[in-house]
Amino acid sequence: MKRPKLKKASKRMTCHKRYKIQKKVREHHRKLRKEAKKWGRKKPRKDPGVPNSAPFKEDLLREAELRKQRLEELKQQQKLDRQKEQEKKRKLEINPGVEPSNMEPVKEESGQCKTKLGKQNPKKLYCQELKKVIEASDVVLEVLDARDPLGCRCPQVEEAIVQGGQKKLVLVLNKSDLVPKENLENWLNYLKKELPTVVFRASTNLKDKRKIIKMRRKTPLKSEVCIGKEGLWKLLGGFQETYGKAIQVGVIGFPNVGKSSIINSLKQEQICNVGVSMGLTRNMQVVPLSKHITIIDSPSFIVSPLNSPTALALRSPASIEVLKPVEAASAILSQADTRQVILKFTVPDFKNSLEFFTLLAQRRGLHQKGGSPNVDGAAKLLWSEWTGGSLGYYCHPPTFWTLSPHFNENTVTDMKWGFNLEELEKNNAHSIQTIRGPRLACSILFQSSGLTNGIIEERDIPELPKQKENKQEEGEDYEDIDSDQDSVDEDDGEKSLDMSSANETCDALLDESQADEQCAQSYVLDGMSKEEDDAYDFSTDYNSSRN
């Protein structure tokens with residue numbers, strides 16, 4: 001019996017064999033070059049197009065252009081049809097009891113308004129999608145970043161959920177492995193007085209099951225381990241049993257708090273798009289978890305521009321685009337402990353934020369042309385690390401607990417009804433023991449700016465500067481069109497006067513015999529200037545003298 005090979009065969013060979021192979025390759029290439037020189041290289045022929053001597057060339061080119069336009073229109077129509085079908089399927093998944101016949105007229109209206117929505121502010125579309133998720137959900141999971149839980153809560157959205165009727169609100173403390181255990185326990189004790197709170201750590205390195213994986217590791221990476229999944233499953237399953245029918249769970253939150261990562265962790269598959277950049281989820285996405293539980297992913301909250309610069313820099317995806325990178329990163333740096341920032345980024349002591357970015361650029365090797373430190377690049381680096389999922393920092397909870405202004409005691413009791421809070425507390429304690437968080441000395445202390453105000457109504461969203469410019473340009477265009485129309489009317493009046501005077505002179509000269517030709521020429525040369533008339537008279541005199 002032949003012994004099985006435990007290892008792959010080695011690719012090592014003797015020098016004699018390797019040199020022989022290289023020699024054969026050189027000879028083969030030499031032979032190819034020789035044949036190419038003998039027969040010549042054939043260049044690909046270019047399309048000459050329609051020759052100028054061909055009859056009906058313009059008609060042929062016009063037909064080709066029309067054919068191209070028809071193909072583009074057909075592609076656009078097919079794209080719109082596909083979008084309509086997707087929307088139809090999505091509505092059927094959300095409302096399975098509604099018949100498709102009742103939904104067809106709604107689709108036609110949406111298809112007619114498709115061109116209007118294309119020019120609409122994308123933030124308004126986010127508000128529309130967020131409202132759909134809240135209306136369709138029985139339980140709403142508000143995802144909070146454990147590094148700044150208070151700054152991830154939006155009072156406007158929570159108030160809308162309370163006013164929406166019999167809906168439950170649950171807080172999920174994600175990224176709990178980036179804060180010290182003591183701080184995590186303090187925040188859990190603070191938040192659970194108001195709403196049911198789940199400690200969670202989403203797995204960020206899930207593989208797509210549709211792709212074929214050749215090698216499988218025996219020990220999973222740290223990023224693949226999900227903590228708190230069993231506690232959240234039991235909480236939702238227990239509520240579904242008390243509720244008595246299938247439930248829909250909506251996942252909401254500010255950008256980059258890990259909404260899609262939580263759904264992927266519960267499903268154990270990469271279904272929703274995740275990434276480092278903010279605002280990747282733009283539409284609601286329905287994901288069935290089990291027969292009785294369906295989870296809905298949603299776009300992020302829209303941050304109000306009335307918030308503090310620190311809140312705008314942390315929670316707004318466009319903070320780097322709207323604000324300057326140095327201003328956004330300076331707002332974050334002003335709320336952090338200076339001594340711990342120096343130890344974390346290993347830079348010398350600094351007096352202001354500009355000096356820190358200069359030192360950080362020199363430390364990380366970020367230089368511009370000429371060798372000067374890239375301050376903007378260092379500011380973007382700090383902003384990306386602070387809003388990403390790798391840097392560890394923490395905030396202290398408020399010393400005294402007070403009920404949120406949009407809640408009352410009856411609301412708090414209603415929110416906790418139907419959940420097994422004792423079992424949830426045991427699962428949270430187990431999750432905190434399992435998590436390996438950083439030490440208190442190795443983390444950066446951050447001063448939270450409090451609750452972050454958001455926008456949920458479309459009318460409260462400010463217009464984009466481009467839309468304002470377009471409106472002003474449209475008004476100016478209308479004024480220009482009116483002025484042009486007036487000038488055209490004046491020119492027409494002047495031309496009519498000129499024509500009448502020319503006709504009178506022609507009638508006066510009709511009595512003479514030689515005036516017939518001049519009058520006929522005056523009709524042709526009516527639009528000529530004085531210089532052109534003189535040139536024409538000179539040419540006629542010259543021709544008559546030659547004759």
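**Helices, a sheet and cysteines in a predicted model**

Good morning. Helix H12 crosses helix H15 with a left-handed sense. I begin with this pair, and I should say at once that the model is predicted. H12 covers residues 325-334 and H15 covers residues 375-387; they pack at an angle of about 50°, and their axes lie 8 Å apart. Why do we call H12 and H15 oblique to each other? An angle counts as oblique if it falls outside the ranges for roughly parallel (under 35 degrees), roughly perpendicular (65 to 115) and roughly antiparallel (over 145). The angle here is about 50°, and H12 and H15 are therefore oblique.

Which residues make the contact? From H12 they are Pro325, Val326, Ala329, Ile332 and Leu333. From H15 they are Val375, Asp376, Ala379, Lys380, Leu382, Trp383 and Trp386.

Let me now place these two helices in the whole chain. The protein chain has 20 helices and 10 strands. Of its 547 residues, 34% count as buried. If we take the contacts with a separation of 6 or more, 73% of them join residues 24 or more positions apart.

I turn next to the sheet. Six strands form an open sheet, and their order is E3-E2-E1-E4-E6-E5, with mixed pairing. At the edges stand strand E3 (197-199) and strand E5 (285-288), each of which pairs on one side only. From one strand to the next, the twist averages 25°.

As a reminder, strands of a sheet pair through backbone hydrogen bonds, either parallel or antiparallel. This sheet offers an example of each sense. Strand E1 (residues 139-145) and strand E2 (residues 168-174) are parallel, with 7 bridges between them. Within this pair, Val139 has Lys168 of E2 as its bridge partner. Helix H7 (residues 181-191) packs on the sheet, where it touches E1, E2 and E3, and its direction makes about 160° with that of E3.

The antiparallel example is E5 with strand E6 (residues 293-297), joined by 4 bridges. Here Val286 stands opposite Ile296 in E6. E5 and E6 form a hairpin, with 4 residues between them.

Is helix H9 (residues 259-267) largely enclosed or largely open? Of its 9 residues, 8 are buried, so H9 is largely enclosed by the rest of the structure. The buried residues are Lys259, Ser260, Ser261, Ile262, Ile263, Asn264, Ser265 and Leu266. Among the elements that cover them are E1, E2, E5 and E6 from the sheet we have just seen, together with helix H8 (229-243) and strand E4 (247-252). Just after H9 comes Gln268, which takes a positive phi of about 60°.

My last topic is the cysteines. A disulfide is a covalent bond between the sulfur atoms of two cysteines. How many disulfides does the structure hold? The number is 0. For Cys152 we can give the reason: the closest cysteine sulfur belongs to Cys395 and lies 9.1 Å away, which is too far for a bond. The cut-off for a disulfide is 2.5 Å between the sulfur atoms.

Cys152 has 0% relative accessibility and therefore counts as buried. Cys272, at 1% relative accessibility, also counts as buried. The cut-off in both cases is 20%.

To close, I return to the start: in this predicted model, H12 and H15 meet in a left-handed crossing. Thank you.

Notes: Residues numbered from 1 in each chain as written. Predicted model: local features only at pLDDT ≥ 70, side-chain atom pairs only at ≥ 80, totals over all residues. Heavy atoms only, no water. Pairing = 2+ DSSP bridges. Helix = DSSP H or I, 4+ residues; strand = E, 2+ residues; numbered from the N terminus. Axes fitted to C-alpha atoms, helices over the stretch in contact; angles between N-to-C directions. Contact = heavy atoms within 4.5 Å. Buried < 20%, exposed > 50% of the residue type's maximum accessible area, 1.4 Å probe, protein only. Left-handed = near helix turned anticlockwise from the far one by under 90°.
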